[in-house]
Amino acid sequence: MLELGKGFAFVARQQRIKTDMGDYYIDLVFYNYILKCFLLIDLKSSQISYEDVGQMDMYIRMYDELKCSEGDNPTIGLLLCSETSKDLARYSILKDSKQIYAAKYLTYLPTKEQLTAEIERQKEIFALQTGKNQD
């Protein structure tokens, strides 16, 4: 989280969105003034689940409708979790969505071999999400 990239501004932590079913809290909200879009980040300390993906999809739709201004581009959602799933990437909205991404985070520095293996695994998951085959 030290560096998201160029143009990001912090908006909120645990931002509440109120609905008729109750209140929901988005872990982190940023706005990119270059891309003109919001970035919603949901932090999960466990393996990603279909509920997490559905919740992020709901957050994005709600945010686009309730918070975005005219001229803003569609909101982007990022699920940061301790474990990702190839099957979930293949069979859920992650495969077809241009706005929701899942990524694994670590709480320790991996070895060179672990890092290389994880990069290859994440490339496979990304290929499944985007429908691109790797050769």
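Search the whole structure and five salt bridges turn up. This is a predicted model, and those charged pairs make a good way into it. Have your viewer ready to show side chains.

**Stop 1: a charged trio**

Select D42, K44 and D52, and show their side chains. These three residues are linked in a network of salt bridges. Start with K44 and D42: they form a salt bridge, and their closest N and O atoms are 3.4 Å apart. Now swing over to D52, which also forms a salt bridge with K44, this time with 3.5 Å between the closest N and O atoms. Side chains of opposite charge can pair when their charged atoms come close.

Are the members of this trio buried or exposed? K44 has a relative accessibility of 17%, so it counts as buried, the cut-off being under 20%. D42 is buried too, at 3%, and so is D52, at 10%.

**Stop 2: one step along to S45**

Now click on S45. You'll find this residue in the loop between β3 (37-43) and α1 (50-66). S45 is exposed, because its relative accessible area of 68% is over the 50% cut-off. Next, add L80 to your selection. Along the sequence S45 and L80 are 35 residues apart, yet in space their C-alpha atoms are 8.3 Å apart.

**Stop 3: along helix α1**

Color residues 50-66, which make up α1. How far apart are the end C-alpha atoms of this helix? They are 24 Å apart, which agrees with the 24 Å that 17 residues should span at 1.5 Å a residue.

Then pick out the buried residues of α1: D52, V53, M56, D57, Y59, I60, M62 and Y63. You've already met D52, as the salt-bridge partner of K44. Some of the others come back at the next stop.

**Stop 4: into the core**

Select I26, V29, L40, M56, Y59 and Y63. The largest nonpolar core has 17 residues, and these six touch the most other members. β1 (8-19), β2 (22-32), β3, α1 and β4 (76-81) each supply at least two residues of this core. Which element gives the largest share? That is α1, with six residues. In soluble globular proteins, nonpolar side chains tend to be buried together.

Zoom in on I26 for a moment. Leaving out residues up to four places away in sequence, I26 touches R13, Q14, Q15, I17, L40, I41, Y59 and Y63. Apart from the largest core lies another one, of six residues, including L28, F30, L39 and L80. You may remember L80 from the pairing with S45.

**Stop 5: a nonpolar patch on the surface**

Turn on the surface and select Y33, I34 and L35. Together they form a nonpolar patch there, with about 330 Å² of accessible area. Y33 sits in the loop between β2 and β3. With a relative accessible area of 54%, Y33 is exposed.

**Stop 6: helix α3**

Color residues 112-130, helix α3. At 1.5 Å a residue, its 19 residues should span 27 Å, and the end C-alpha atoms are 27 Å apart, which agrees.

Show K123 and E120 next. These two form a salt bridge, with their closest N and O atoms 3.4 Å apart. Both lie in α3, three residues apart, about one turn of the helix. An α-helix has 3.6 residues a turn, so residues three or four places apart point the same way. K123 is partly exposed, at 37% relative accessible area, and E120 is partly exposed as well, at 38%. K44, back at the first stop, counts as buried.

Which residues of α3 are buried? They are E118, I125, A127 and Q129. Follow the chain past the helix and you reach G131, whose phi is positive, near 80 degrees.

**Last stop: zoom out**

Switch to a cartoon view of the whole chain. It has three helices and five strands, and reading along the sequence gives the pattern β-β-β-α-β-α-β-α. Of the 135 residues, 36% count as buried. Contacts in the chain with a separation of 6 or more come 55% from residues 24 or more positions apart. Finally, the surface: the chain exposes about 8900 Å², and carbon and sulfur atoms supply 53% of that.

Methods. Residues numbered from 1 in each chain as written. Predicted model: local features only at pLDDT ≥ 70, side-chain atom pairs only at ≥ 80, totals over all residues. Heavy atoms only, no water. Helix = DSSP H or I, 4+ residues; strand = E, 2+ residues; numbered from the N terminus. Buried < 20%, exposed > 50% of the residue type's maximum accessible area, 1.4 Å probe, protein only. Salt bridge = Lys/Arg side-chain N within 4 Å of Asp/Glu carboxyl O. Expected span 1.5 Å × (residues − 1). Core = buried A, V, L, I, M, F, W, Y, C linked by side-chain atoms within 4.5 Å. Contact = heavy atoms within 4.5 Å. Patch = residues over 30% accessible without salt bridge, like charges linked within 9 Å, V, L, I, M, F, W, Y side chains within 5 Å. Areas by Shrake-Rupley, 256 points an atom, 1.4 Å probe, with all protein chains shown as cover.
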